[in-house]
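Here are some short exercises to work through at your own pace. Try each task before reading its solution.

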Amino acid sequence: MSKEKGLRAEENRTLMMEIFFETKDVFQLKDLEKIAPKEKGITSLSVEEVLQSLVDDGMVDCERIRTSNYYWDFPSKALHARKLKLESLESQLSEGSQKYASLQKSIEKAKIDQREQLKAEVEKYKNCDPQVMKEICQANKVVKEADNRWTDNIFAIKSWAKRKFGLEENKINKTFGIPEDFDYID
């Protein structure tokens with residue numbers, strides 16, 4: 001963009017700030033209207049507008065003494081403002097980091113709780129699992145076969161005792177605590 005058409009507002013603001021930082025002086029509006037166009041290419045018509053926007057944003061100080069307004073801004077003020085801003089941002093970053101860490105811990109805890117809850121839910125329905133049902137049936141079959149094998153052994157011992165000692169079946173049952181309805185499992 002050419003100097004005749006003027007620079008954009010933000011560029012003008014930056015150029016105006018350079019005047020204050022380079023000279024480290026106090027100015028009146030009429031002084032800046034002379035200096036700004038010559039040294040920085042800011043049109044004299046926009047100097048007052050640019051200056052007022054800097055004052056409004058607190059970047060340039062202004063004081064009215066009698067009938068004149070005086071404007072100034074020293075590099076140390078800008079440095080101090082930047083330090084304050086940096087401290088504020090670092091504080092926000094620290095708070096944000098702490099909040100992030102806290103949220104991460106909460107998420108991990110929630111994941112663990114949810115995992116435990118889901119494990120309990122799966123455990124509740126484990127007996128309905130076809131594989132588990134198959135294993136239970138297989139185990140029942142083994143137990144039934146073992147039970148019937150022991151029943152065979154008991155009947156064989158009862159038969160041997162009847163032949164060897166001539167005992168009656170109900171007397172053998174009573175002596176050894178064998179129930180009257182003792183039989184194989186179907």
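**Exercise 1.** How far apart do the C-alpha centres of domain 1 and domain 3 lie?

Solution. The C-alpha centres of domain 1 and domain 3 lie 111 Å apart. Next, place them on the chain: the domain assignment gives domain 1 as 7-73 and domain 3 as 131-176, with bounds from an automatic or database domain assignment.

Before going on, note that this is a predicted model, in which local features need pLDDT of at least 70, side-chain atom pairs count only at pLDDT 80 or more, and totals for chains, interfaces and linings use all residues. Residues are numbered from 1 along each chain as its sequence is written, and side-chain values use heavy atoms, leaving out hydrogens and water.

**Exercise 2.** Find the aromatic pairs, meaning Phe, Tyr and Trp (its six-membered ring) rings with centres within 6.5 Å (planes under 30 degrees apart are stacked, over 60 edge-to-face, the rest tilted). How many does a search of the whole structure find?

Solution. Step one: the search finds 4 aromatic pairs. Step two: Phe20 and Phe27 form an edge-to-face pair, 5.6 Å centre to centre with 75° between the planes. Both Phe20 and Phe27 are buried (under 20% relative accessible area; exposed is over 50%, partly exposed in between, with a 1.4 Å probe and protein chains only).

**Exercise 3.** Why is the pair of Phe155 and Tyr184 tilted?

Solution. The planes of Phe155 and Tyr184 stand at 55°, with ring centres 5.6 Å apart, so the pair is tilted. Phe155 is partly exposed at 24% relative accessible area, and Tyr184 is partly exposed at 37%. Finally, Phe155 and Tyr184 form one aromatic cluster with Phe182.
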